[in-house]
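User: I'd like a close look at one part of this model, with its surroundings brought in as you go. Could you keep it connected rather than a list?

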Amino acid sequence: MQIAVSGGKGGTGKSTVAINLAIALRERYDLVLADLDVEAPNDHLLLGVELANEEPVELFMPRFDYQKCTRCRKCAEVCEEHAIITMRDGTPFLMPNLCSGCAACEIVCPVPGAILPGKKLMGHTYLTETPYGFPLVTGRLLEGEERAMPIVSRAKKRAQGLEKELLMVDTAAGTSNTVSKALEDSRLIIAVTEPTPLGIHDGELILRLAKLMDIPAMVVVNRSDLGDVAKVREIAEKYGAEVIAEIPYSENIIRSYVEGKPIVLTDYPEAGLFREIASRVVEFLGGGE
């Protein structure tokens, strides 16, 4: 089974909630944590580990054999991304940054061998053991690349391949197609937000997406003493979600963050808040006493 930690706005503490929740749940479940925020993955930094077991993620990229090409233009006509353009005589050229790797051009080409399967490196996935008894799967997009979906898909598939009892997914911020892909198959979304105007606005977006995908959601309000929590509760109720935790601004959390020690393992009072979140998740998943 899968649960996801997500949030509409970046910088709300989503990854902090994800790693502490994973640590709190490790005694209940044989789990894997997947960091699918592939443009800025940071779970490994919070867990104090270096990424390991790198595997490349490559995208299909057509290459043309102009000696065999008949200039029929079918490859350009079928390309929905308009990544293939043709000269006046029908000679095709590829604009690599637009190519999605769908291989439709190769499929429709009437001449065997006129389009050859090239590859383009898009990023990497990693499988890293952590000192907390569960593995971390990470996706990382190469700098300068724009298509994150292949990395998200491959990293998620790698995590699913471990066949753990529980897959915890840490998504990117926002409500893009890559976030939707990360959320797929989830039994529960933990939506992390903050009670600021932007946090409230974007928090509603992720709750709207959860409702659209028919996935139950619970809300965690971080830095709860810095804004209007009542407004967050109002919006959560609107979408049938419950606010299960309010985490105030805390120097202890910042201190544990800097020290690289997850706060759920400390004696700070705030550790209890994360344990309570874990208890609510266990109860929801049917693992309560």
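Which side chain does R147 meet in a salt bridge, and what is the distance from N to O?

Analyst: Happy to take that one. Please keep in mind that this is a predicted model. The side chain of R147 meets that of E81 in a salt bridge, at 3.4 Å from N to O. The two ends belong to distant parts of the chain: R147 sits in the loop between β7 (135-141) and α5, while E81 sits in the loop between α3 and β4 (84-86), and 66 residues separate them. As for exposure, R147 is partly exposed with a relative accessible area of 25%, and E81 is also partly exposed, at 34%.

This contact is part of a wider set, since the count of salt bridges comes to 14. Another of them joins D30 and K164, whose closest N and O atoms are 3.4 Å apart. D30 is in the loop between α1 (14-25) and β2 (31-35), and K164 is in the loop between α5 (149-160) and β8 (166-170), so this pair ties together parts that are 134 residues apart in sequence. Here, too, the partners are partly exposed: D30 has 40% relative accessibility and K164 has 30%.

For a contrast in sequence distance, look at R280 and E283, whose side chains form a salt bridge at 3.9 Å from N to O. Both residues lie in helix α10, 3 residues apart, or about one turn of the helix. The general geometry fits: an α-helix has 3.6 residues a turn, so residues three or four places apart point the same way. E283 is exposed, with a relative accessible area of 56%. There is also a network of salt bridges, which links E204, R208 and K238.

Now back to the loop that holds R147, which follows β7. V137 falls within the residue range of that strand, 135-141, and V137 is among the residues with the most contacts inside the largest nonpolar core, a set of 44 residues. The others named with V137 are L36, L183, I206, L207 and V219. Helix α7 (residues 197-212) provides the largest share of this core, 5 residues. Beyond its neighbours up to four places away in sequence, V137 touches V32, L33, A34, D35, Y126, L127, A155, R158, A159 and L162. One of these, L33, belongs to another core, which lies apart from the largest one and has 37 residues, L188, I247 and I277 also among them. As a general point, nonpolar side chains in soluble globular proteins tend to be buried together.

I247 leads on to the next stop, because S224 counts as buried at 11% relative accessibility and is in contact with I247. S224 lies in the loop between β10 (217-222) and α8 (229-238). Leaving aside neighbours within four places in sequence, its other contacts are P195, V229, E246, P248 and Y249.

Helix α9 (residues 251-259) comes a little further along, with N252, I253 and S256 buried. Viewed down the helix axis, these buried residues fall within an arc of 100°, so they line one face of α9. They pack against β11 (242-247) and α10 (271-285), and α10 is the helix that holds the R280 and E283 pair. The face of α9 turned away from the buried side carries the exposed residues E251 and V258. At the N-terminal end, S250 caps α9, with a side-chain oxygen 3.1 Å from the backbone nitrogen of N252. After α9 comes G260, whose phi is positive, near 75°.

Finally, the loop on the E81 side follows α3, and the loop leading into α3 (74-78) from β3 (55-64) holds Y66. Ring pairs link Y66 with F64 and F93 into a cluster. The rings of F64 and Y66 have centres 6.0 Å apart and planes at 35°, so the pair is tilted. F64 is buried, at 16% relative accessibility, whereas Y66 is partly exposed, at 33%. The rings of Y66 and F93 also have their centres 6.0 Å apart, with planes at 45°, so this pair is tilted as well. F93 lies in strand β5 (residues 92-94), 27 residues from Y66, and F93 is partly exposed, at 37%.

Note on methods. Residues are numbered from 1 along each chain as its sequence is written. This is a predicted model: local features need pLDDT of at least 70, side-chain atom pairs count only at pLDDT 80 or more; totals for chains, interfaces and linings use all residues. Side-chain values use heavy atoms; hydrogens and water are left out. Buried means under 20% relative accessible area, exposed over 50%, partly exposed in between (1.4 Å probe, protein chains only). Helices (H or I, at least four residues) and strands (E, at least two) are DSSP runs, numbered from the N terminus. The arc is that of the directions from the helix axis to the C-beta atoms. Contact means heavy atoms within 4.5 Å. A polar contact is a pair of N or O atoms within 3.5 Å; within protein, one must be able to donate a hydrogen and the other to accept it, and residues adjacent in sequence count only if both atoms are side-chain atoms. A nonpolar core is a set of buried Ala, Val, Leu, Ile, Met, Phe, Trp, Tyr and Cys residues joined through side-chain atoms within 4.5 Å. Rings of Phe, Tyr and Trp (its six-membered ring) pair if their centres lie within 6.5 Å; planes under 30 degrees apart count as stacked, over 60 as edge-to-face and the rest as tilted. A salt bridge is a side-chain nitrogen of Lys or Arg within 4 Å of a carboxyl oxygen of Asp or Glu.
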